[in-house]
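Reader: I'm new to this one. Could you walk me through what the names and labels rest on?
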Amino acid sequence: MPAQLPDVEEEHRLIEACQRGDRGAFEQIYRLYEEKVYSLTYYLCKQHETAKDLTQQAFLKAYTSLDSFNFESRFGTWLYRLTMNLCIDERRKSERMQLLPIEHARSPNFTSTESADADALRNEFSDAVEGAITKLSDTLRSAFVLKYVAGLSYTEISETLGCSVGTVGSRLNSCLKILAQELKHFNDGSS
Amino acid sequence: MISLHVTSKLTAYLHKELSEHAARRVEMHLQKCESCLAHFNELEHAEKAALQRPLFAPDEDLWTRIEAGIMAHNRRASTTPSTRRVGVSWAPGFSLASAMVLLIVAGWWWTRPDLQVQEDIWPQWRGKNQDGKAQQKDVVKFDGGIELKIAWKKSLGSGYSSVSVADGRAVTMFSDSTDDYVAAFDAKSGDELWRFKIGPTYKGHDGSHDGPMSTPLLSGGTVYAVGPRGQLLALDIKTGKERWSTRLVQEHRAPEPFYGFATSPIIDDDVLIVETGGQGGTISGFRKDTGALVWSTGDDSVKYHSPIRFQFAGQTQLVCAGNNYLYGLEPRKGKVLWRYRHDGHGESINPVVVNQKQIFLRQSWEKTLLVELKREDRQYFAEKVWDKSALKSSYDTPISHAGYLYGFSSRLLKCVDAGTGETVWKSTSPGDGFTMMVGGFLIIVTKQGTLHVVEAHPEGYNELASLELFDGPAWSPPSFANGRIYARSLTQIACVEIVDGDRAGADVDIWDSEALRFAIAY
């Protein structure tokens, strides 16, 4: 199971320790956010190896830029924004990333940690959801992952993406419509 | 009337992002508009699906890559003037009084509870995660320098057993030349708290020394130990009194290895796991509370190997070597999930986890191996990645760190690229010995009894500190708990503190140590 995010006070205490150069505290921060940051980069860049590189870059950048974290927001919001910017830069550098399909054949070291029974293969529905996410455009997918992977509010998403709150709502509405369409056969059955 | 519908607001309503007033309007509309209600239900279904999006965990080695990057960053930062210091201006007129104020504040800083050493244990051979690494990682600082200081040192008889530390006790095994013992010492003072007689001393022969070889496991207030003749013991960690015992040779048909039993036990949930070897089973699980046999698996013989726990694809496996096979087992029932024929017949084949799917093995005295674990169609199997003479001819078990393996190959300390098996560097310093790691630094006890702190970095050998620790030879890897190194030789046991070379400025980033020394000088 992924690590439980601490309350704001505890998180800020960890950040302060990181700012004093405590690598142990920074590893705790990493453990708290590794899964979300990695998933975010994976959904955006569609390649595990690139996602790994971007996740590494994101945490290194976070470590070296910690002085600029002003404690006015959740650390996660700051970290996700930083990660998104790296992904956008990477996308600009490599337009081909947009053309690559998501790797459906997952290597054994990449495992979904959502399920308590981690030994079980990912179920069909989970595959279908992942497949549906791949159908989203880059713009919609960015809003989607910030909402459903990072768990940001509309305001935080709008600040991260540089668009209005209304636009965030509109994009997420489009995302859900596409998902509903793509997963219709599940809804008709069990759901 | 389409203009009255609320479809454009339904997603925000679903996400509770509307104002109270707007949300109430949507609610009222949904009560009377079947079209919008149907649309809302559809969005709700999609929302449930969206919340079931899979998340992915990165490779375990990603942190080591990041940590290596951080260390490189810190190293660069330490060689350039800091720009992150507190704005103390070192004008010529800086007074002694100001310096005293600084000293008082610095003293307060050092007594802050949040900066004190956290509780940390080393409960078994190779540490908590059986990777030879301490949990505490920020002990060794690059920018302040370090010194090694003996906290305590006591006489101890012969033995190869390393030191396990938990519940304020440092526990090991030794021989007094007449009998073999399990003994507990106060981790802080080194005072002996109790000793439990295992039986008559296992006498050294054919080049070996007297005494036990296995390292005790400390878990749940119990010391689990394997004596050199296969005595499997559970002792109360506070008193040393026996809770249960069983004899691996007599009761479980385990053949006694040529130099006696050296395997170190581990625990998974309620099962105590020991490599036994032979027809009675390569590896066996015992109830940790009674010592009753739960399962026994495999028919491979074993020498001086120990099992480890390994997380693969979210599942805990036991990975252990026999003389011919490397096994992956399900821990509760001992079911063999996979096995890989290595045919090494090595002396001390101890698996080293390199990353989430790869395991390093010194399968023979001359050969080393990297295997990759895979799973297809619900079947596990292991495949060879490389087979090289990378870290051969040693009883030291290497440390995997940031894509490299550090350990002894014959008498040389080596850094080996874990991806290729190629040697990156080798060093005659500090001399043949045994390794463990704190943060990115190797702690080495040599067979000559010296202690060394060495940076684990592919650029080359870089020693930060050393200490003449023991009077005679040592044959055991060091341990680390509560900010201290624990080590033993064939005649002594010791606890060593890692002290900042310049405590006033070494760790506290906001205090410039050079400036502080300058102030004190005035």
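Author: Sure, starting with axes: these are lines fitted to C-alpha atoms, for helices over the stretch in contact, with angles from 0 to 180 degrees between N-to-C directions. Helices (H or I, at least four residues) and strands (E, at least two) are DSSP runs, numbered from the N terminus. This is a predicted model, where local features need pLDDT of at least 70, side-chain atom pairs count only at pLDDT 80 or more, and totals for chains, interfaces and linings use all residues. Residues are numbered from 1 along each chain as its sequence is written, chains are lettered from A and ligands numbered from 1 in the order in which they are written, and side-chain values use heavy atoms, leaving out hydrogens and water.

Reader: Why are α7(A) and α8(A) called roughly perpendicular?
Author: Angles under 35 degrees count as roughly parallel, over 145 as roughly antiparallel, 65 to 115 as roughly perpendicular and the rest as oblique. Helix α7 (residues 154–161) and helix α8 (residues 165–182), both of chain A, cross at roughly 100 degrees, with axes that come within 8 Å. So α7(A) and α8(A) count as roughly perpendicular to each other.

Reader: Which residues of α7(A) and α8(A) meet?
Author: Contact means heavy atoms within 4.5 Å. From α7(A) come A:Tyr154, A:Thr155, A:Ile157, A:Ser158 and A:Leu161, and they meet A:Val165, A:Val168, A:Gly169, A:Arg171 and A:Leu172 in α8(A). That contact splits into 6 nonpolar, 3 polar and 1 charged, where Ala, Val, Leu, Ile, Met, Phe, Trp, Tyr, Cys and Pro count as nonpolar, Asp, Glu, Lys and Arg as charged, and the others, Gly among them, as polar.

Reader: What makes β28 and β29 of chain B a pair?
Author: Two strands pair if DSSP finds at least two bridges between them. Strand β28 (residues 450–455) of chain B has 5 bridges to β29(B), in the antiparallel sense. One of the links puts B:Leu451 opposite its bridge partner B:Leu467 in β29(B). Both strands belong to an open sheet of 4 strands, β26-β27-β28-β29 (chain B), with antiparallel pairing.

Reader: Why do β26 and β29 of chain B count as edges?
Author: β26 (433–438) and β29 (463–468) each have a single partner strand, so one side of each has no neighbour in the sheet. Neighbouring strands here are turned by 20 degrees against each other on average, direction ignored.

Reader: Which strands stand at the edges of the sheet β6-β7-β8-β9 (chain B)?
Author: This open sheet of 4 strands is antiparallel too. β6 (217–219) and β9 (242–247) of chain B each have a single partner strand, so one side of each is left free of a neighbour in the sheet. The twist averages 15 degrees from one strand to the next. Inside it, β8 (residues 231–236) and β9(B) pair over 5 bridges, and B:Leu233 has B:Ser245 as its bridge partner.

Reader: How many residues lie between β12(B) and β13(B) in their hairpin?
Author: There are 5, and B:Gly291 in the turn has a positive phi of about 85 degrees. Strands β12 (residues 283–287) and β13 (residues 293–297) of chain B run antiparallel, joined by 4 bridges. One of them links B:Ile283 with B:Thr297.
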